[in-house]
Amino acid sequence: MPEEEETGEKSVERAFNRHISMLRWGGLNERWRAADALAEFADDRAVQPLIEALDDNYADVRWRAATALGILDGREAVTPLIQCLEDESSWVRMAAARSLGRIGDPRAVDPLIRLLDDEKPRVRREAALALGRIGNPRARDALLRLLDDTDRDVREAARQALAEIGIRGEASTA
């Protein structure tokens, strides 16, 4: 039985290392698939290669790497993810906002508040939801402004975020 376990562990380790190699040196489709796969390993060793992938030439790879970093909850990824909030791709900005919300680091609050002015409704929506997850009361005024947004989903995300912040705020004062 221990031999089987060791073989299984070695197999997982080989697969992990193969995905790291694919992320760094594979073709476009291999790189974004590797980013997806690395999130499933739940291994902190994937965080640094995923951070490096945030600089990939292709938005699909950056988007998947940003998403994976949120799943892995890599706190060392907060600063690079904040930088991704200015990416040319709305999909990367959206994924970075979502991941920052999952990680929950207060350093992301001000950059996420600025993202509430993004031209793309899906990005504003994710920024609002992320601010709700982080739960910092500093975001309240900016979220209140979103209640008048032209996009229904953005307004709903702002309401949800305000509810989350209100609940946390009441709990922290009790």
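Is Ala42 buried or exposed? With a relative accessibility of 64%, Ala42 counts as exposed. This alanine sits in the loop between α2 and α3 (47-53), and its phi is positive, about 50°, although the residue is not a glycine. Let us step back from that loop and look at the chain around it.

**The model as a whole**

What you see is a predicted model. Its average pLDDT is 92, and 91% of the residues score at least 70. Residues 169-174 have a pLDDT below 50, and this stretch makes 1 contact in the model beyond near neighbours in sequence.

The chain contains 10 helices and 0 strands, so read from the N terminus its elements run α-α-α-α-α-α-α-α-α-α. Along the principal axes, the C-alpha atoms fill a box of roughly 60 × 40 × 25 Å. Of the 174 residues in the chain, 50% are buried. Among contacts with a separation of 6 or more, 62% join residues 24 or more positions apart.

**Two helix pairs**

Two packed helices are described by the angle between their axes and the distance between the axes. Helix α4 is a good place to apply this, with one pairing to α2 and another to α6.

| Helix pair | Residues | Axis distance | Axis angle |
|---|---|---|---|
| α2 and α4 | α2: residues 28-41; α4: residues 59-72 | 8 Å | about 5° |
| α4 and α6 | α4: residues 59-72; α6: residues 90-103 | within 8 Å | roughly 10° |

Angles under 35 degrees count as roughly parallel. At about 5°, α2 and α4 are therefore roughly parallel to each other. On the α2 side, the contact uses Leu28, Arg31, Trp32, Ala35, Asp36, Leu38 and Ala39. Helix α4 answers with Asp60, Val61, Arg64, Ala65, Ala68, Ile71 and Leu72. These residues divide into 10 nonpolar, no polar and 4 charged.

The same cut-off settles the other pair: α4 and α6 cross at roughly 10° and are therefore roughly parallel to each other. Here α4 contributes Ala59, Arg62, Trp63, Ala66, Thr67, Leu69, Gly70 and Ile71, while α6 brings Trp91, Val92, Ala95, Ala96, Ser99, Arg102 and Ile103. This contact holds 10 nonpolar, 3 polar and 2 charged residues. Ile71 of α4 is worth finding in the viewer, as it takes part in the contact with α2 and in the contact with α6.

**Helix α8 and its surroundings**

How many of the residues of α8 are buried? The count is 10 of 14, making this helix mostly covered. The buried set consists of Val123, Arg124, Glu126, Ala127, Ala128, Leu129, Ala130, Leu131, Gly132 and Ile134; Arg124 and Glu126 are included in it.

Helix α8 covers residues 121-134 and spans 20 Å from its first C-alpha to its last, close to the 20 Å expected at 1.5 Å a residue. After α8 comes Gly135, with a positive phi near 80°.

Ahead of α8, the loop that follows α7 (109-115) holds Asp117. Where does Asp117 stand on accessibility? Its relative accessibility is 62%, so Asp117 counts as exposed. Asp117 lies 10.0 Å from Asp149, C-alpha to C-alpha, with their positions 32 residues apart in sequence.

Terms used:
Residues numbered from 1 in each chain as written. Predicted model: local features only at pLDDT ≥ 70, side-chain atom pairs only at ≥ 80, totals over all residues. Heavy atoms only, no water. pLDDT = per-residue confidence, 0-100. Contact = heavy atoms within 4.5 Å. Axes fitted to C-alpha atoms, helices over the stretch in contact; angles between N-to-C directions. Helix = DSSP H or I, 4+ residues; strand = E, 2+ residues; numbered from the N terminus. Parallel < 35°, antiparallel > 145°, perpendicular 65-115°, else oblique. Nonpolar A, V, L, I, M, F, W, Y, C, P; charged D, E, K, R; others polar. Expected span 1.5 Å × (residues − 1). Buried < 20%, exposed > 50% of the residue type's maximum accessible area, 1.4 Å probe, protein only.
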